[in-house]
Amino acid sequence: MVEGLRNRKNPISTNEKANLKEVSWREVAKHNTKGDCWIIVDDIAYDLTGYVDKHPGGSELMLTFAGREATYAFRTYHALSKEIAEEKLRYFAIAKVIDSEFPTYPKETPLYDDLVPAVKAYFVDNKIDPKAWFEPFYKFCFMMVIAAVSLYFCYNMEMPAYVNVIGALVFGWIQALPLLHIMHDCSHGSFSHKPFLWDLFGKFTMDMYAGVSMTAWHLQHVVGHHVWTNMFAADPDLPPAEEGDPRYLVKKQKWKALYKFQHIYLPIAYGVLGLKVRISDVTHAFGGEYAGPLRVRKHSPQWYSGWFVVKAAWIMWRVVYPIVFLGVPVAWYLFLFVVSDFITGWYLAFNFQVSHISDVADYPLGDKGDRSDKCEDEWAVSQVKTSVDYSHGDWFMTWLCGALNYQTVHHLFPGVSQYHYPKLAPIIMDVCKKHNVKYNVLPSFTAAFTGHINYLREMGQKGDAASFHMG
């Protein structure tokens with residue numbers, strides 16, 4: 001039966017779909033390689049093994065979801081070409097999936113059903129490509145020039161020490177900025193229509209420039225965070241267990257006295273984000289079956305070879321070259337490295353945290369956190385409630401944060417370039433208003449930062465946030 005369906009010449013009919021064999025998500029999870037690739041969309045398992053290399057969006061994103069639930073990734077990345085993608089997918093149906101690895105959302109999607117045509121009309125009526133390449137590319141080039149200049153001053157031992165420190169500070173900032181811009185767009189396939197450019201620029205900025213694995217980022221960010229946003233035991237950006245984490249963010253966790261001070265020590269600790277993710281790279285590659293709540297799929301020998309080569313290349317240019325070839329004393333190098341990496345960590349962490357961990361954001365199932373739970377809100381409503389926008393209309397802030405100040409737009413339409421978000425926000429806000437869904441937007445980054453600190457303080461002091469709402 002499996003072989004027959006794999007070679008299907010016609011799309012499956014509704015009657016045939018009803019008669020498919022039933023399997024558990026655990027069975028689907030076994031098919032998680034390029035040579036054996038299944039995904040789940042709307043409770044149907046699809047065998048895409050023979051289609052991986054033919055996928056117009058490239059094999060990287062598809063393999064990210066191999067053996068996994070991919071319903072909301074499929075919907076959002078094909079939101080503006082839904083009919084074509086759904087018709088193609090019907091050729092690969094192989095089984096009905098009777099259970100779920102993570103909490104589920106309602107099948108009905110009235111909000112998203114209205115959002116998609118409204119957003120699509122904007123691009124069609126204005127004859128605009130939803131993706132972009134020129135603007136992110138020239139800004140990337142500008143950032144690389146700043147990076148080169150900052151490193152020159154950072155490691156030039158003929159200059160005063162304070163100049164070295166200034167260079168390290170600037171590089172810390174400019175190490176973060178391309179990750180928020182071109183890398184982020186590449187990870188979501190919104191930088192041009194060319195998958196090889198997503199791989200080239202995404203992996204250059206992430207793996208070679210910052211020393212962090214793009215594959216691990218795909219798992220945490222695209223597979224986990226974008227689907228189960230702010231959901232305990234599912235979103236890898238939240239604490240992975242009820243105990244043992246320095247953050248107290250949802251009521252399902254067990255409170256302890258240390259959390260009374262989390263609004264003080266966590267903002268300081270955000271500086272070690274770079275170190276944390278580099279350690280996570282190693283645990284992702286060699287640490288076992290899980291990374292937080294997410295399964296780590298099998299990698300090929302070629303992938304591991306590439307991983308070692310890229311890590312070695314990053315160590316050569318980032319560590320060995322300054323010390324051996326530029327003559328930077330080891331102790332001074334380590335100090336400058338820590339300075340720049342802490343700046344990168346703070347810059348990225350604060351941009352990420354204010355967009356979801358806030359006293360105006362929602363935390364679905366935050367008092368439950370069981371994988372068998374069902375969410376009350378449809379997926380799109382949950383994305384709106386769990387995201388926080390700020391500084392609408394401020395072009396400079398939008399550039400500084402890579403358009404993360406339009407977080408809601410990004411979560412609803414991740415396959416659209418960030419350079420369109422300011423125009424799409426009013427359209428989405430209008431549709432949300434018609435559906436009586438509150439769209440969280442604050443006037444400034446200061447207000448968003450205050451909301452984040454307030455949430456940490458309230459949760460830490462009382463074990464609950466004053467303006468905390470569930471559902």
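Let's start with one matched pair of residues: the bridge partner of Ile39 in strand β4 is Tyr46. Keep in mind that this is a predicted model. That pair belongs to a set of 4 bridges that join strand β3 (residues 36–41) to β4, and the two strands run antiparallel. Follow the chain from one strand to the other and you'll see that β3 and β4 form a hairpin, with 2 residues between them. In that turn sits Asp42, which has a positive phi of about 50°.

Now stay with β4 and look at its other neighbour. Here 3 bridges join β4 to β6, again running antiparallel. You can pick out the partners by eye: Ile44 stands opposite Lys96 in β6, and Ala45 stands opposite Ala95. Strand β6 also pairs with β1 (residues 22–23), this time through 2 bridges and with the strands running parallel. In that pairing, Val23 has Val97 of β6 as its bridge partner.

So which way do the side chains point? In a regular strand they alternate between the two faces of the sheet. In β4, Ile44 and Tyr46 are on one side while Ala45 and Asp47 are on the other, and all of them are buried. In other words, both faces of β4 are covered. Strand β6 is mostly covered too, with 4 of its 5 residues buried.

Next, what does Tyr46 touch, leaving out residues up to four places away in sequence? Its contacts include Lys17, Cys37, Trp38, Ile39 and Val41, as well as Leu89, Arg90, Phe92, Ala93 and Ile94. Tyr46 also turns up in the largest nonpolar core, which has 125 residues. The residues with the most contacts inside that core are Tyr46, Leu111, Tyr112, Leu412, Phe413 and Ile428. The largest share of this core, 10 residues, comes from helix α9. There's a second, separate core as well: it has 10 residues, and Val23, Ile40, Ala45 and Ala95 are among them.

Let's take a closer look at α9. Its 27 residues (161–187) should span 39 Å at 1.5 Å a residue, and the end C-alpha atoms are 37 Å apart, which agrees. The helix does bend, though, by about 35° at Leu180. Is α9 mostly covered or mostly uncovered? It is mostly covered, as 20 of its 27 residues are buried. Just after the helix comes Gly189, which takes a positive phi of about 70°.

Aromatic rings are another good thing to hunt for. A pair of aromatic rings is described by the distance of the centres and the angle of the planes. The count for this model comes to 36 aromatic pairs. One of them is Tyr51 with Phe92, a tilted pair at 5.3 Å centre to centre and 40° between the planes. Tyr51 lies in the loop between β4 (44–47) and α4 (59–64), and Phe92 lies in the loop between α6 (82–89) and β6 (93–97), so the pair ties together parts that are 41 residues apart in sequence. Both rings belong to buried residues: Tyr51 counts as buried because its relative accessibility is 12%, and Phe92 counts as buried at 16%.

Another pair to find is Tyr112 and Phe413, which is stacked, with 5.5 Å centre to centre and 25° between the planes. This one links distant parts of the chain: Tyr112 is in helix α7 (residues 110–125), Phe413 is in the loop between α18 (407–412) and α19 (421–434), and they are 301 residues apart. Tyr112 is buried, with a relative accessible area of 6%, and Phe413 counts as buried at 1%. The two don't stand alone, since ring pairs link Tyr72, Tyr105, Tyr112, Trp379 and Phe413 into a cluster.

One last stop: where does Ser358 sit? You'll find Ser358 in the loop between α15 (330–353) and α16 (379–386). Although it lies in a loop, Ser358 counts as buried, because its relative accessibility is 1%. Leaving out residues up to four places away in sequence, Ser358 touches Tyr363, Val388, Gly451, His452 and Tyr455.

Definitions and conventions. Residues are numbered from 1 along each chain as its sequence is written. This is a predicted model: local features need pLDDT of at least 70, side-chain atom pairs count only at pLDDT 80 or more; totals for chains, interfaces and linings use all residues. Side-chain values use heavy atoms; hydrogens and water are left out. The expected span of a helix is 1.5 Å times one less than its number of residues. The bend at a residue is the angle between axes fitted to the seven residues ending there and the seven starting there. Buried means under 20% relative accessible area, exposed over 50%, partly exposed in between (1.4 Å probe, protein chains only). Rings of Phe, Tyr and Trp (its six-membered ring) pair if their centres lie within 6.5 Å; planes under 30 degrees apart count as stacked, over 60 as edge-to-face and the rest as tilted. A nonpolar core is a set of buried Ala, Val, Leu, Ile, Met, Phe, Trp, Tyr and Cys residues joined through side-chain atoms within 4.5 Å. Contact means heavy atoms within 4.5 Å. Two strands pair if DSSP finds at least two bridges between them.
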